[in-house]
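Hi everyone, thanks for coming. I'd like to walk you through some helix packing and one cavity today, so have a look at this.

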Amino acid sequence: MSPTPLAPGALPLIGHGLQLKRQPLEFMNSLREHGPVVRIQLARTPAYVVTDPALTKEVLVTDVESYAKGGRIIDALKVFFGDGLATVADGDTHMRNRRLMQPMFNKAHIATRGDTMIEKVREIVGGWAEGEPRDTLADMTELTLAAFLTALFGADLPAHLQRDFIALMPPIMQGTIRQTLLPGWVNRLPLPANRAHAERVARLRHLIDQAIDHRTAAQAGSSSPEAACPHAARQSDAGLFDTLLTADDPQTGPLSRRQLQDEAITLLTGAIETTSTTLAWAFVEIEKNPAIARRMQEELDTVCGDRPVRQEDLDRLGYTRAVLQETMRMYGPAWLVTRTATRTVTLGGHSIPEGADVVYSPYLHQHDPAVFPEPGSFDPDRWSGRPDAATRGAFLAFGAGRRNCVGEAFAWTELLIILATVKQLWPRLALTSPEPKAQALVTVKPDGLTMTPHAGGTPADEGGKESDGDDRRVAV
């Protein structure tokens, strides 16, 4: 049995806390140099970081019973998520809820929502002003949330509920991030920030209740004899959440109102945080790489011509998808994930005691030069012609094993819709702020990002020049 090496730089009392605070991504990436399993200190508590993709697969797939979903980050998120699919403990409840939710994210089911989402995104993006600098991460948050609300609760979700969700979710996410970074005892103190966060979460649950009541009434109206009335709910207004509202497990019955709230919060958060961050970084990389911008525009022109993108176009946007996949590889979106050892285990020749935190980092694996040559270079072509098996162990943007993201197919649909629609309406988003730096919170965010929409033109590169500035937007 090999002794597990301790990462250098641990300080008395705080362990590696200073490195994780000041340069978390660089610190995580450096651990690869010290072995396949490396011990770090979180204050006085040891945690075991897995740096080898093959061993991470063992944690997530082949020996999953020995590594339960848990750890400090999950414990903090449970305060907000409750027992949603992302945080509920492994076991019968998790498997039951996942089974009930899977029909929501069937690819054919998602396709029925695609064109409605496109209409919502075009409505918002079409209201941007030419040449007006914009907070790009805030824009992507608004777009992802608006599109997902439309898909989740239906196109007829009352406008005031949409507005309230969009206003409430960003400060809730900031509060949640804050609580994951602070010790649990601080989060339990009656501090103003803690009280404000609790009040916002309560308000969110109330909004979800209103949305559920709206969908329940719409379902009742569509199934009544009066459904033929022109005022009855249309099938086209249905939402993905209808599947959960009608789900009925033979043994435990339908989900309770609290369980519906927990799952809705989990879905909303997953749709916002990771998707909006990925899109923001994608626009940065597209602006930095003029040749990539042109190839994307050529693909859109070939597939769509002068008409708006449609749901059936998405599978033909192969290069656009490669741009998004390379963005996820470069920037996470998650950079640190925890599990808890359910027994004393041997991992890669190292003994890990029962109850210990086991850490893996998608960011670290996705920057492994043995899997991704020149990992610091943004290269969508690295995904062309490569079988998924070649990178599955190292590309972990959607997790792996039985806890992999149930909404992966939806995430791809939403990402492609938003990126393609913005590129059609505004072929260039010019970087107005200094080039952002990666900031590791729950996801890897840009630390500040302002971009300006232009209806024509692409940045010049070494062998090209700006386009002639023709207005290439299509009718909203």
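So, how do the axes of α7 and α16 cross, and within what distance do they come? They come within 11 Å and cross at roughly 125°. That makes α7 oblique to α16, because angles under 35 degrees count as roughly parallel, over 145 as roughly antiparallel, 65 to 115 as roughly perpendicular, and the rest as oblique.

Before I go on, some housekeeping. This is a predicted model, where local features need pLDDT of at least 70 and side-chain atom pairs count only at pLDDT 80 or more, while totals for chains, interfaces and linings use all residues. Residues are numbered from 1 along each chain as its sequence is written, and side-chain values use heavy atoms, with hydrogens and water left out.

A few terms, too. Helices (H or I, at least four residues) and strands (E, at least two) are DSSP runs, numbered from the N terminus. Axes are lines fitted to C-alpha atoms, for helices over the stretch in contact, and angles run from 0 to 180 degrees between N-to-C directions.

Back to our pair. α7 passes α16 in a right-handed crossing, meaning the near helix is turned clockwise from the far one by less than a right angle; anticlockwise would be left-handed. On the α7 side, M140, L143, T144, A147, F148 and A151 meet F410, E414, I418 and V422 of α16, with contact meaning heavy atoms within 4.5 Å. By class, that contact has 8 nonpolar, 1 polar and 1 charged residues. Here Ala, Val, Leu, Ile, Met, Phe, Trp, Tyr, Cys and Pro count as nonpolar, Asp, Glu, Lys and Arg as charged, and the others, Gly among them, as polar.

Now, which helix is α12? It covers residues 257–288, and its axis comes within 10 Å of the axis of α16 (residues 408–425), crossing at roughly 40°. That makes α12 oblique to α16, and the crossing is right-handed. A271, T275, T278, L279, F283 and I286 in α12 meet a set in α16 that includes E414, I418 and V422.

α7 has another partner, α6 (residues 107–125): their axes come within 9 Å and cross at roughly 145°. That crossing is right-handed. The contact residues divide into 8 nonpolar, 2 polar and 3 charged.

Last stop, the cavities. How many of 30 Å³ or more does a search of the whole structure find? It finds 2. The second largest has a volume of about 30 Å³. W128, R134, T136, D139, M140, L429, M451 and T452 line it. The largest share of that lining, 3 residues, comes from α7. On a 1 Å grid over the protein atoms alone, a cavity is points where a 1.4 Å probe fits but cannot get out, with lining residues having an atom within 4 Å of a point; volume is the space filled by probe spheres on the points.

Conventions. On a 1 Å grid over the protein atoms alone, a cavity is a set of points where a 1.4 Å probe fits but cannot get out, and a pocket is an open set with protein on both sides within 12 Å along at least five of seven lines; lining residues have an atom within 4 Å of a point.
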